[in-house]
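Let's walk through this model together, starting where the chains meet and ending with how two helices pack.

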Amino acid sequence: MADRLMTPMVDRDSAPYWKALADGRFELQHCRRCGHWNWPPRPVCSGCLGTDLAWEQPSGTGSVYSWVVTHQVYGPDWAQEVPYTIALVRLDEQRDLLVPAILRSGVDAEPGMRVRAVAERIADGIGLLYWEAVRA
Amino acid sequence: MSNPSRFPRGEAAIAGIGCTAYSKDSGVSVFNLAAQAIKAALTDAGLTMADVDGLVTFGPNDSIPPNMLAQGLGIKSMSFYLDHFLGGSVSISTVGQAALAVSAGVADCVVVYRALNGRSELRMNGSGAPRMRQPWDMPYKINAGYIAPSQEIAMAARAHMLRYGTTSEDFGRVAIMSRNHALDNPRAMMHEPLTMDDYLESRWIADPFRKYDCCLETDGAAAVVIVPAERAKDLPHRPVLLQGAAWGGGITIVNNDFDDIADSPARPVAERLYASAGIGPGDIDLVEFYDCFTYSVISQVEGYGFAEAGEVPAMLAEGRFDREGGALPINTHGGLLSEAYIHGINHVYEAVEQIRGEAGVRQVERHDTALVTGQVGYVSGYSSAIILQGA
């Protein structure tokens, strides 16, 4: 993984997010004032424009809303991955939290399929988010 | 509150159009392509480089910018310029902004151009330099291997399939219609007919999108010349008036408040666009929709008010949008899917030819009023559109 050409560029707002993923946790900014969850990371709450944002772990679960099975190799980092499924997942916390990540379960995606977040470290301070099917 | 009805209707006009050959390898520089298309557009307008006082373009850092081009072409001082970062979602925005500048008297002759070696040099879809600063949303897309517009619009297409029962065959009908319209277009890159079997057997790109759901990659350039409508009257061609223009937000990965991407993000743009022109969808004779992918056309037919959500497949099957015999011809040149990928400026070119009545074998019967759009509003969070009308 160290020789990836494209790694997420960490900025001053997102550093805690990538660090949490590197440590195995999926964390979002939860507004202490209005309760709005924000993803991706940002300097102000989109719900109330407040700045008192806590990094918190949501339930980490959600439902598959849509998905794409990528066959085309769009860059060398994914040459060994194709075909891979990107699932757009609606988090349980909030209707407009639609988060895309690779679905790693080796099962076909289905509408409404239950998934949970898993994180994997790829470099110092940087982890990646994946979705994994929740087995009933 | 904005008041789109105050748009300076009919005060600016497209007086000239020009383009290069569209190919997979131009063999020349982007500067060369831009110069060719601009000279052709000026000749068409009966004007010269000495008349030009504004240059406008856009692109994801793959073009020749107005400042360099102006110096290179001998334009001493530009009265107006715009170099809009990004692609198809801002393509038609550039034309609208040039029209505003001309209507306001800021400039008297603005050339809008798009030039790219989009196949032989800098291709879209993740081929950019990985060490450049990533756009704000890119890290989260890289995380997901979700870096190409084809993937993001396929995601919306899947959502539409799940919600309305839209099928691969429906997408295939858009591809086939576009190909049919390109067959007799001398500018088009694609001249072989496309069948439903060809479509269904083509390889997966980003399922639900196959190869023929995706637009072409092209080397080439196109340009249009915008002048005050009064001045256009004295020039050789039927003036093509800018009757309306609108801009709008769309959907990005931030996705604040959008909770169903199957809803067409074109709707708010359409509302402002029709208000700016003082007309409605029933007044449109022909449409050149930004068709980077087949599904984009379906989403825009809904968003621009020509159908209710979920009704488009039946209309496609009836041939409603065919150039011959269709009530509302769409993408009369073959579009980005089958003419060329000049990022939407080729759509403006075609609309102008149609409105002038100079489209030859492709000429549609009713051709006074055309809708031309930019990317429907996925990916970048921008969309744009104009309404053109013959004087």
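This is a predicted model. A good place to begin is A:Thr70, which stands opposite B:Ala206 in β5(B). Here β4(A) and strand β5 (residues 204–207) of chain B pair in the antiparallel sense, over two bridges.

Stepping back to the whole contact between the chains, 32 residues come from chain A and 32 residues from chain B. On the chain A side, the elements that give two or more residues are β4 (61–70), β5 (84–91), β6 (98–103) and β8 (126–133). The largest share of that side, six residues, belongs to β4(A).

Now for the inside. The largest nonpolar core has 165 residues, and B:Val224 and B:Val225 touch the most other members. Helix α1 (residues 30–45) of chain B gives this core its largest share, nine residues. Leaving out residues up to four places away in sequence, B:Val225 touches B:Ala41, B:Leu42 and B:Ala45, among others, and its partners also include B:Ile14, B:Cys109 and B:Val111.

How do α6(B) and α10(B) lie relative to each other? The axes of helix α6 (residues 168–182) and helix α10 (residues 294–303) of chain B come within 8 Å and cross at roughly 95 degrees. Angles of 65 to 115 degrees count as roughly perpendicular, so α6(B) and α10(B) are roughly perpendicular to each other. Among the residues making this contact are B:Phe171 of α6(B) and B:Tyr295 of α10(B).

The table sorts two of these contacts by residue class.

| Contact | Nonpolar | Polar | Charged |
|---|---|---|---|
| Side of chain A that touches chain B | 21 residues | eight residues | three residues |
| α6(B) with α10(B) | six residues | one residue | one residue |

Methods:
Residues numbered from 1 in each chain as written. Chains lettered and ligands numbered in written order. Predicted model: local features only at pLDDT ≥ 70, side-chain atom pairs only at ≥ 80, totals over all residues. Contact = placed C-beta atoms within 7 Å. Helix = DSSP H or I, 4+ residues; strand = E, 2+ residues; numbered from the N terminus. Nonpolar A, V, L, I, M, F, W, Y, C, P; charged D, E, K, R; others polar. Pairing = 2+ DSSP bridges. Core = buried A, V, L, I, M, F, W, Y, C linked by C-beta atoms within 7 Å. Buried ≥ 20, exposed ≤ 12 C-beta atoms within 10 Å, placed from the backbone. Axes fitted to C-alpha atoms, helices over the stretch in contact; angles between N-to-C directions. Parallel < 35°, antiparallel > 145°, perpendicular 65-115°, else oblique.
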